[in-house]
Amino acid sequence: MPTHSIQTLVSTLTNVLPKETSIAIANQKHFVHYEPSDVINLQIEPGDEIKKGSATYQALLLKRKIFTFIDESVFGTSYYGLSVPIIDNGKLNAVVTAILPMTQKLSLPHFLTIKNEDRWFPVPMDDVIYLEAENRKAKIVTNRLKGSHKYSLTILESFLPSDQFIRCHRSYIVNIHQIREIQPDFHSTFLLIMKNGDRIPVSQKYASSFRKHLIF
């Protein structure tokens, strides 16, 4: 992952996460960047191997976002970990982990604030149908309006409830509760018919994890 991309990602997460949060970035084998907070420091150094049982390890193993409690047996300090795999062109390039102390469990929002023309609208998660990548930002389609969000799909994915939203394509995240029908498509992929009538592709890269998540 390029240095400038790491710096941009760390800067964005620092702005949206609690100040007590430490941030670790890893490739598939080692940590490549670590930004400790004043409250919790796991003493990670760039080049350290990813420890089995850590939040980063679990996200790599499952190839999906996780939010979990990690006890002190892994790093000597208990913490809450929010780990998000970064996938580009079908390849897992990195895993970003937000590390929170026991006193600061991350509370995920129950809404998204969407910009439409020159106004902003807080929209409950249940009303969001899907998110689409658009010029490094996110286009958001809801039951009552369409709008945009300044953050990319990768950043927003960190804050979406994983039991409700799923990545089905590099350009799409869908609300499972807003899927009306799943149709087979070419090369073992699928086509989603959403409740508003829009058709969303499930790419071959995400087809297997999509089936496992929806248990079919």
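Welcome! β13 and strand β14, the latter made of residues 190-194, pair in the antiparallel sense over five bridges. The model you are looking at is predicted. This briefing visits two places in it: a small group of paired strands and a pocket.

**The sheet**

- Along this pair, glutamate 181 stands opposite isoleucine 193 in β14.
- The pair belongs to an open sheet of three strands, in the order β13-β14-β15, with antiparallel pairing.
- β13 (179-184) and β15 (199-202) stand at the edges with a single partner strand each, so one side of each has no neighbour in the sheet.
- Ignoring direction, neighbouring strands of this sheet are turned against each other by 25 degrees on average.
- As general background, strands of a sheet pair through backbone hydrogen bonds, in either a parallel or an antiparallel way.

**The second largest pocket**

- The space in the second largest pocket comes to about 620 Å³.
- Its lining is built from 23 residues, and Leu62, Lys63, Arg64, Tyr206 and Ser209 are the ones that lie nearest the centre of the pocket.
- Four elements, β4 (79-88), α4 (153-157), β11 (165-169) and α5 (204-214), each supply at least two residues of this lining.
- Of these, α5 gives the largest share of the lining, with six residues.
- Sorted by class, the lining of the second largest pocket holds 11 nonpolar, five polar and seven charged residues.

Note on methods
Residues numbered from 1 in each chain as written. Predicted model: local features only at pLDDT ≥ 70, side-chain atom pairs only at ≥ 80, totals over all residues. Heavy atoms only, no water. Pairing = 2+ DSSP bridges. Axes fitted to C-alpha atoms, helices over the stretch in contact; angles between N-to-C directions. 1 Å grid on protein atoms, 1.4 Å probe; cavity = no way out; pocket = protein on both sides within 12 Å on 5 of 7 lines; lining within 4 Å. Points joined across faces, edges and corners; volume = space filled by probe spheres on them. Nonpolar A, V, L, I, M, F, W, Y, C, P; charged D, E, K, R; others polar.
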